[in-house]
Amino acid sequence: MSTSKLHTTRRHAIRSLLGSSLLMPGLLADLLAADDPMAPKQPHFPAKAKRVIFLYMTGGVSHVDSFDPKPKLTADHRQKVRNKFSLVRSPFAFKHYGQSGTEVSELFPHVGTCVDDLCVIRSMKNDDNDHFGATMGIHAGSNNFSRPSIGSWVSYGLGTMNQNLPSFMVLAPYLPYAGGQVWGSDFLPGVHQGTRIIPGDEPIPNMTRRTEPAALQTMELGMLEEFNRKHLASRASDPSLAARVKSFETAFGMQQQAPEVFDLSKESDATHKLYGLERGSTKGFAWQCLVARRLAERGVRFIELIDSGSDLNKNWDAHFDIQTHVTLARNVDQPIAALLKDLKSRGMLEDTLVVWTTEFGRTPYNEKPDGKGREHHNRVFSSWLAGAGVKPGITYGESDEYGIEVAKDMVHFHDFHATILHLLGIDHLRLTYRHAGRDFRLTDVAGQVVKPILA
C-alpha cells in the first residue's frame with residue numbers, strides 16, 4: 001500500500017475512533033500531528049519569541065519626519081545638494097521621550113511614550129525604489145521574483161499553536177502594492193499562505209455556520225472529507241490539492257473559534273478607550289490592533305497588520321504634500337502604542353515580537369525648491385522592533401547628516417529577516433525549501449543576524 005493511502009486510512013481510522021469516543025482529544029491531536037504539516041515544530045534553538053505581530057505601513061513613511069531627526073537638514077533648508085536638489089526640512093517637531101531619550105516626531109506622540117520598549121533602526125536599506133519591488137523585498141526577501149512571504153516561512157518553519165486558526169493571518173482592509181503576493185506562500189505548501197481578514201461584519205467569508213443544527217454540518221463535512229481523502233490518495237503529489245483539503249479542516253475549526261475572536265463585546269470600556277476604538281466599530285487601525293492582540297492570545301503564529309492600500313492618495317506615498325502623513329499617523333499612532341502597552345500589561349511582550357516597518361523612506365530633498373512632498377527613497381529608512389529578545393530603549397544604525405545615505409551599521413532587509421527568524425529560534429541558513437532543483441530560503445544567499453540589538 002502506498003504511503004498516501006496509509007496516511008488516508010490511518011487518519012480515517014483515528015477520526016472514526018474519535019467519533020465512537022475511543023480516543024481522548026489530546027491523544028487524537030498527537031496522532032494526527034504526524035500527518036499534519038501545520039503541527040507545531042521545534043525551533044532550531046531556544047526562542048525568545050513565540051509569535052510575531054508585523055505592523056506594515058504602506059507607501060513609504062518618511063524617516064526624517066518620524067523616527068530619524070536631522071538638525072542639519074533643518075539648518076540647511078532649501079540649500080542645494082548635489083547641485084540639483086533642494087533640501088527640505090521636516091515640518092514636524094521632534095521630542096525626546098522616556099528614560100532612553102529617543103527622539104520621535106510629533107506625528108507619533110503615543111508611540112513616543114513607548115520608546116523605552118523600542119529598538120529603533122535608523123539604517124534600513126531596500127534594493128528597489130519602486131513600490132512593488134520594495135514591498136516584495138521587505139516581505140519576501142526578493143525585489144524581482146515571486147517568493148514566499150516571511151509569514152509563510154515562519155508558518156512552514158514552526159507550524160501552528162492553534163489548529164482551529166490559521167498560523168498566518170493578515171488584517172488588511174485594502175490590497176497593498178503587490179496585492180496578495182504580500183502574504184502568498186508561492187512554492188511553499190499552500191497551507192502556509194496567509195489568511196486575509198477584512199474589517200466588517202464578517203471579517204472572513206463564510207465564517208458563520210450556515211447549516212443548523214451543528215450535528216448536521218458535522219455529518220456533511222465528514223462525508224466531504226471522505227471524498228476529499230479518496231481523491232487526494234491518488235494525487236499525493238499535488239500540493240495545491242493537499243492544501244485545499246487542509247483548508248476544509250481549518251475552516252471547520254475557524255467556524256468554532258473565529259467568531260469569538262472577532263467579538264469584542266466582552267472587551268472592557270477601558271480597553272476600548274486605550275486603543276481609541278469606539279465600541280461596536282470595526283474601522284481603523286485600532287480595530288486591527290485589538291484583534292491582533294486577541295489572535296496572539298489564541299496562538300496565531302504570525303499576524304500582519306496593513307494600514308492602507310495601493311491608492312497613493314490614501315497611503316504614505318507623499319509625493320505632493322508631506323502633510324498627508326498627519327492623517328495617516330493619527331490612524332495608527334494611538335492603536336500601536338495601545339497594543340504595546342496591552343501586551344506588556346498581560347506579560348505577552350516577553351514572548352511576542354512586534355515589528356514596525358514600511359517599504360522605504362522618503363527623500364530629504366525635492367527637485368522643486370517650493371515642493372511640499374517627498375519622493376521614494378530606498379537608500380536609507382527607519383523601522384523598529386519591540387518585545388521578545390530585543391534590547392529595549394535603544395537606537396541602532398545611523399543615516400548621514402541629511403538622511404540621504406546609511407552612515408553606520410546598515411541593516412539590509414535580508415539582515416532584518418535573519419534577525420526576526422533568529423528571535424523565533426530559527427537559523428535563517430537552515431530554514432530552506434527545495435524547489436526547481438535548488439534550496440531556497442527567505443534570506444536568499446545573504447543576511448546577517450543583527451546581534452548588537454539582541455538582549
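**Exercise 1. The partner of H96**

Find the residue of β5 that stands opposite H96, and describe the pairing around it.

*Solution.* H96 stands opposite E103 in strand β5, where strands are DSSP runs (E) of at least two residues and helices are runs (H or I) of at least four residues, both numbered from the N terminus. This is a predicted model, in which local features need pLDDT of at least 70 and side-chain atom pairs count only at pLDDT 80 or more, while totals for chains, interfaces and linings use all residues. Residues are numbered from 1 along each chain as its sequence is written, and side-chain values use heavy atoms, with hydrogens and water left out.

Next, place the pair in its strands: β4 covers residues 94–97 and β5 covers residues 102–105, and the two pair in the antiparallel sense over four bridges; strands are said to pair if DSSP finds at least two bridges between them. Finally, consider the connection, for β4 and β5 form a hairpin with four residues between them, and G98 in the turn has a positive phi of about 65 degrees.

**Exercise 2. An open sheet**

Work out the order of the strands in the open sheet that contains β3, and state which strands lie at the edges.

*Solution.* The sheet has three strands in the order β2-β3-β12, with antiparallel pairing. The edge strands are β2 (80–81) and β12 (365–366), each of which pairs on one side only. Strand β3 (residues 85–87) is joined to β12 by two bridges, the two strands running antiparallel, and within this pairing L87 stands opposite Y365 in β12. As background, strands of a sheet pair through backbone hydrogen bonds, either parallel or antiparallel.

**Exercise 3. Helix α12**

Explain why helix α12 can be described as largely enclosed by the rest of the structure.

*Solution.* Begin with the criterion: buried means under 20% relative accessible area, exposed means over 50%, and partly exposed lies in between, with a 1.4 Å probe and protein chains only. In α12 (residues 413–423), 10 of the 11 residues are buried, so the helix is largely enclosed by the rest of the structure. The buried residues include F413, F416, I420 and L421, as well as H414, D415 and H417. After the helix comes G425, whose phi is positive, near 85 degrees. For the wider setting, the protein chain has 12 helices and 20 strands, and 54% of its 455 residues count as buried.

**Exercise 4. Charged pairs and their exposure**

Compare the salt bridges of K72, R434 and R438 by giving the partner and the N to O distance of each.

*Solution.* Side chains of opposite charge can pair when their charged atoms come close. Here a salt bridge is a side-chain nitrogen of Lys or Arg within 4 Å of a carboxyl oxygen of Asp or Glu, and by this rule the count comes to 21.

1. K72 pairs with D76, the closest N and O atoms being 3.4 Å apart; K72 is partly exposed at 36% relative accessible area, whereas D76 is buried at 8%.
2. R434 pairs with D439 at 3.0 Å between the closest N and O atoms; R434 is exposed at 54%, while D439 is partly exposed at 43%.
3. R438 meets D444 at 3.8 Å, N to O; R438 is partly exposed at 33%, and D444 is partly exposed at 33%.

Elsewhere, salt bridges that share partners join E260, E267, R293, R294, E297, R298, D342 and R346 into one network.
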